[in-house]
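Welcome! Let us take a short walk through a protein model together, stopping at a few places along the way.

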Amino acid sequence: MITGLLTALCVLPSLITAGPLAKRDFPPAGACSGYCQGDLHDPSVVYDGQGTYYRFTTDHKITISTAPSIAGPWTNQGSALPDGSMIDLPGNMDLWAPDVFNYNGIYYMYYSVSTIGSQNSDIGVATSPSMAVGTWTDHGSIGIPSNNASWNRIDPNLFQHDANAPFYLSFGSFWANIWQVPMQNPPLRVAGEAVHLEQNLTPPAPDEGSYQFWYPVNGVQYYYLFFSNGICCNTPSSPGGLPSAADAYKVKVCRSTSPTGGFVDQNGVDCLQSGGTVIYASSAANDVYAPGGQGVFYDPGQDSIVMYYHYVKPSVGYEYNQFQFGWNKLDFSSGWPVVVA
Ligand SMILES: *[C@@H]1O[C@H](CO)[C@@H](O)[C@H](O)[C@H]1NC(C)=O
């Protein structure tokens, strides 16, 4: 994807109209101190409003880390759900891809129960009054129907435009990619039928890890659907080896004026027809490889919208427990998010 973008830049300079296409390379990840390297996949970060950032990551029954800023120093506090999930499926002691949301002073943590490459999966939810270790109560499955071959019930993300708006939960990984269900209030259970948000029509359709965020552009509310595309976690000794930067994990985005459909990319391509604009991908010059598993929030410490994610530093290594926590500011001034240093 990077090669294609750079080629287009050289051949068609007259088409360059806005910031995103003018970039020659993706910037380095923001500084991080403390617990920034390890089993740090699929982060979810929430600011508690009182000076502490909470970061939730895949494995160890959802590791909770805390820091005084997005840049750290991060401290590992322990597991959110030390007894695993009450969902009765393989993988219920190895929870993935947490997503934490504050509604009315209660924190809702959505998580995935699955095993690698399996559609025998489910999404559960736990709640806490504070996010701290020892305060999480599991409520089990949110109730997305299981009998649908088009989706895999992992990689949840809860979205609400504002405190009075309806709740939507997007999910999905491979197969027919990203789906969305409406959620009840409080958001513990699904409230209706799933709708289809995004699909990659090229097998094996490696799109997953969606995250929704809204931003007003010239008075128009836009809904942005971020997702991860490509191969996330190969090492040089994996079958097939290390994918090229073009095939490795990267972050794409689509947008719509509705939170429930109509997503297109920056070229106007329908995101149910393989659309998606790459906003962050591998940069050999900046020691970044295969970034993804992203989330987006307004960070009061940076006074900016920030995207956080996991990535590999080739100078360190590609092993599962060598993943890095990364973050960057996002510039929405063009109407499309641009990752900045
Ligand atoms: C999967 O769910 C979608 C949305 O509810 C529906 O349109 C489709 O028919 C379902 N497919 C199967 C096989 O149940």
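## A first stop: Ser304

Ser304 has a relative accessible area of 12%, so this residue is buried. Keep in mind as you look around that the model is predicted. Ser304 belongs to strand 19, which covers residues 304-312.

Which residues does Ser304 touch, not counting those up to four places away in sequence? They are Phe297, Tyr298 and Asp299, together with Lys329 and Leu330.

## Around the ligand

Now turn to the ligand. Six names are worth finding in your viewer: Asn147, Asn148, Trp151, Trp179, Glu193 and Ala194 surround the ligand. Sorted by class, this shell holds 3 nonpolar, 2 polar and 1 charged residues.

Some of these residues place polar atoms beside oxygen atoms of the ligand. For Asn148, a polar side-chain atom is 2.2 Å from a ligand oxygen. Glu193 also has a polar side-chain atom by a ligand oxygen, at 3.2 Å. With Ala194 the backbone takes part: one of its polar backbone atoms is 3.5 Å from an oxygen atom of the ligand. How much of the ligand's accessible area does the protein cover? On its own the ligand has 360 Å² of accessible area, and the protein covers 46% of that.

## The disulfides

How many disulfides does the model have? The count comes to 3. With the bonded cysteines counted along the chain, the pairing pattern reads 1-2, 3-4, 5-6.

Start with Cys32 and Cys36, which are joined with an S to S distance of 2.0 Å. The torsion about their S-S bond is about -85°, so this disulfide is left-handed. Are its two ends buried or exposed? Cys32 is partly exposed, because its relative accessibility is 28%, whereas Cys36 is buried, at 7%.

## Two further cysteine pairs

Cys232 and Cys233 also form a disulfide, with 2.1 Å between their sulfur atoms. A torsion of about -105° about the S-S bond of Cys232 and Cys233 makes this disulfide left-handed. Cys232 has a relative accessible area of 25% and is therefore partly exposed. Cys233 is partly exposed too, with 26% relative accessibility.

Cys254 and Cys271 make up another pair, with their sulfur atoms 2.1 Å apart. Here the S-S torsion is about -100°, so the disulfide of Cys254 and Cys271 is left-handed. Where do the two cysteines sit? Cys254 is in strand 16 (residues 250-256), while Cys271 is in the loop between strand 16 and strand 17 (277-280), so the disulfide ties together parts that are 17 residues apart in sequence. Cys254 and Cys271 are both buried.

## Pro259 and its contacts

The loop between strand 16 and strand 17 is also where you will find Pro259. Is Pro259 buried or exposed? Pro259 counts as buried, because its relative accessibility is 16% and the limit for buried is under 20%.

Setting aside neighbours within four places in sequence, Pro259 is in contact with Phe159, Tyr168, Gln180, Leu197, Gln212 and Tyr223. You met Phe297 at the first stop, as one of the residues that Ser304 touches. Pro259 and Phe297 are 38 residues apart in sequence, and their C-alpha atoms are 17 Å apart in space.

## Across the sequence: Asn321 and Pro216

Asn321 sits in the loop between strand 19 and strand 20 (323-331). How far apart are Asn321 and Leu40 in sequence, and how far in space? They are 281 residues apart in sequence, and 7.5 Å apart from C-alpha to C-alpha. Beyond its neighbours within four places in sequence, Asn321 is in contact with Gly38 and Asp39.

The last stop is Pro216, a residue of strand 14 (residues 207-217). With a relative accessible area of 38%, Pro216 is partly exposed. Pro216 and Ser333 are 117 residues apart along the chain, and 9.8 Å separates their C-alpha atoms.

Terms used: Residues numbered from 1 in each chain as written. Predicted model: local features only at pLDDT ≥ 70, side-chain atom pairs only at ≥ 80, totals over all residues. Heavy atoms only, no water. Near = heavy atom within 4 Å. Polar contact = N/O pair within 3.5 Å; in protein donor to acceptor, adjacent residues only side chain to side chain. Areas by Shrake-Rupley, 256 points an atom, 1.4 Å probe, with all protein chains shown as cover. Nonpolar A, V, L, I, M, F, W, Y, C, P; charged D, E, K, R; others polar. Helix = DSSP H or I, 4+ residues; strand = E, 2+ residues; numbered from the N terminus. Buried < 20%, exposed > 50% of the residue type's maximum accessible area, 1.4 Å probe, protein only. Contact = heavy atoms within 4.5 Å. Disulfide = S-S within 2.5 Å.
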